[in-house]
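Student: I should like to go through this structure step by step. May we begin once it is in view?

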Amino acid sequence: MITHTYQLRTAKYHRSLKGILLVVFCISVTSSTVIAQDTSQEQAKKESLPPVVSLSGARDPLKDLEKPLITAQEVSEFRPKQSDYVQALRAGETTGRSREIITEGIEVRLYVMTLPEQIENINTLRQTFQRELVNYAGANQINPRQKRKFREMVLTETLRVLKELLENQLDVRMTAATMAGQLNIVEEDRRTQTPAEPFKPSLQFLNDILRDQNQHQAVKILAVHGIMRILGRDDILKFPRNEKLQTAELLEKELQKEKTFFWYQQKLIQGLRSTQMDVDRSGAPFVVQILAKVIGDPNRDPRVRAEAAYAISRVPIPANVNLGMLAWQVAKAAEGLAMEYNKAPEQAHWINSFLKIYGAFQPLKRGKEEGLIFMTTQAAYSAHQAKVKEAYDLTVIIVKAIWDNNGGVKLAPNKLVPLSDWLKANDPGQTALYPGGPTASQLNAKDQTAATGGP
């Protein structure tokens with residue numbers, strides 16, 4: 001059997017994996033942003049691509065939505081007030097006059113993004129607005145308490161206007177979600193080693209985006225990014241458990257939807273990891289349960305199943321969860337992914353997907369204490385050590401066979417036989433994931449059809 005050290009011992013593996021991960025990232029970005037190209041840009045790109053490459057897909061109707069919230073004349077009329085707006089931002093005063101000019105300035109700065117002729121400049125407009133918040137908002141206010149109060153007022157107004165943009169053109173919506181996730185009540189200051197403190201109310205704003213059943217998935221992906229950033233500073237924000245639980249339950253509810261875009265599902269899984277929630281209000285390990293369900297769902301995109309496998313040992317797992325059953329789930333997913341791999345081994349995502357399957361068992365970074373193998377060294381999970389080790393030893397044979405060829409080469413039939421035989425012999429069947437929880441049979445009840453959710 002190969003060992004963890006053997007798997008990660010060569011720089012060759014690291015170089016090849018990094019290269020393929022970059023390709024996967026580029027493909028993912030292209031998949032989500034190609035809809036943002038206008039007709040002339042898309043045609044130009046087609047002409048510059050090699051003959052074997054084509055861009056296809058219907059243009060999203062939200063790209064053509066025109067819903068300006070301001071006129072060019074109103075923007076022009078505000079220009080003489082720009083210096084007053086900047087001075088009011090710098091002063092950090094919450095007086096009536098300051099509020100008035102700041103509110104007007106925020107509205108003009110953000111509403112201008114909704115003008116059809118400004119869509120192509122939206123990123124520059126966003127950067128300008130954010131730069132003003134970072135550099136100017138409260139810059140001359142020497143009282144820390146007053147400065148914080150002032151910035152809270154400015155950011156509250158910003159969220160109010162951003163909420164209006166969520167009903168606009170697709171690029172405008174995406175920009176609004178991005179900006180909401182990047183707002184800071186305290187900006188980073190490297191000179192004083194002060195970290196950025198995200199604006200707490202942004203979490204509720206982003207959660208509302210996920211709750212909106214009519215909102216575009218591209219907007220929701222960006223909302224999850226913002227949620228991850230905010231929850232990633234729990235050392236500063238100290239959200240009450242109830243607030244984090246509400247976010248986790250919302251992410252879990254969205255992940256229950258099987259027909260969404262694969263990238264959105266991956267981000268939801270990453271978002272669930274960031275909440276670090278263990279159990280719901282009834283005491284059930286709901287995060288582990290949804291991840292186990294996704295891992296065992298053959299109709300999910302392989303990239304989603306792999307993401308769930310990687311996450312399963314990186315979320316809090318109560319001691320009453322059957323770790324051996326989780327290892328069986330991951331091994332079963334590895335078998336399913338291997339069969340899918342043999343149908344199209346040339347696809348670029350396979351190395352990354354199997355890397356994450358491996359990561360379910362072992363850490364991917366030196367010095368990290370994570371993965372199912374490590375967990376079984378802890379007293380709470382030691383009873384499952386043998387079963388987890390068996391699942392790992394047989395799964396890693398598949399992973400190594402794909403790594404050795406850098407993907408692209410079908411697996412020999414005999415490579416899958418030991419794993420398949422073990423899975424049949426050790427099928428947990430009616431074993432519950434945790435006392436009172438779903439059984440293995442219930443988590444794996446689906447028949448495989450075509451994978452959904454993306455290319």
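**Packing and Aromatic Pairs**

Tutor: The buried residues of α13 pack against α10 (201-211), α11 (217-231), α12 (234-237), α14 (262-275) and α15 (286-295). Please keep in mind that the model is predicted.

Student: Which residues of α13 are buried?

Tutor: A residue counts as buried when its relative accessible area is under 20%. In α13 the residues that meet this cut-off are K244, L245, T247, A248, L250, L251, E252, E254 and L255.

Student: How far apart are the end C-alpha atoms of helix α13?

Tutor: Helix α13 covers residues 241-255, which makes 15 residues. At 1.5 Å a residue, the helix should span 21 Å. The model agrees with this expectation, because the distance between the end C-alpha atoms is 21 Å.

Student: What share of the residues of the protein counts as buried?

Tutor: The protein has 22 helices and 2 strands. It exposes about 21,500 Å², of which carbon and sulfur atoms supply 52%. Of its 455 residues, the share that counts as buried is 51%.

Student: What distance does α17 reach from its first C-alpha to its last?

Tutor: Helix α17 has 21 residues, and the expected value at 1.5 Å a residue is 30 Å. The model comes close to that expectation, with a reach of 31 Å.

Student: Why is α17 described as largely enclosed by the rest of the structure?

Tutor: The N-terminal end of α17 is capped by N322, with a side-chain oxygen 3.1 Å from the backbone nitrogen of G324. As for the helix itself, it is described as largely enclosed because the number of its 21 residues that are buried is 18.

Student: Is the aromatic pair of Y341 and W350 stacked or edge-to-face?

Tutor: A pair of aromatic rings is described by the distance of the centres and the angle of the planes. The count in this model comes to 8 aromatic pairs. In the pair of Y341 and W350, the centres are 5.8 Å apart and the planes stand at 85 degrees. Planes over 60 degrees apart count as edge-to-face, so the pair of Y341 and W350 is edge-to-face.

Student: Are Y341 and W350 buried or exposed?

Tutor: The relative accessibility of Y341 is 0%. For W350, the relative accessible area is 3%. Because the cut-off for a buried residue is under 20%, Y341 counts as buried, and W350 is likewise buried.

Student: How many residues apart are Y341 and F354?

Tutor: Y341 and F354 form an edge-to-face pair, 6.2 Å centre to centre with 85 degrees between the planes. Both Y341 and F354 are buried. The pair links distant parts of the chain: Y341 belongs to helix α17 (residues 323-343) and F354 to helix α18 (residues 350-361), and their separation is 13 residues.

Student: Over which ring does the charged end of R303 sit?

Tutor: The charged end of R314 sits over the ring of Y310, 3.8 Å from its centre. For R303, the charged end is 3.7 Å from the centre of a ring, and that ring belongs to F262.

Student: With which residue does the side chain of K63 make a polar contact?

Tutor: K63 is placed in the loop between α3 (39-48) and α4 (72-78). At 7% relative accessibility, K63 counts as buried. A polar contact of 2.4 Å joins its side chain to that of D171.

Methods
Residues numbered from 1 in each chain as written. Predicted model: local features only at pLDDT ≥ 70, side-chain atom pairs only at ≥ 80, totals over all residues. Heavy atoms only, no water. Phe/Tyr/Trp six-rings, centres within 6.5 Å; stacked < 30°, edge-to-face > 60°. Buried < 20%, exposed > 50% of the residue type's maximum accessible area, 1.4 Å probe, protein only. Helix = DSSP H or I, 4+ residues; strand = E, 2+ residues; numbered from the N terminus. Lys NZ or Arg CZ within 6 Å of the ring centre and 35° of its normal. Areas by Shrake-Rupley, 256 points an atom, 1.4 Å probe, with all protein chains shown as cover. Expected span 1.5 Å × (residues − 1). Polar contact = N/O pair within 3.5 Å; in protein donor to acceptor, adjacent residues only side chain to side chain. Contact = heavy atoms within 4.5 Å.
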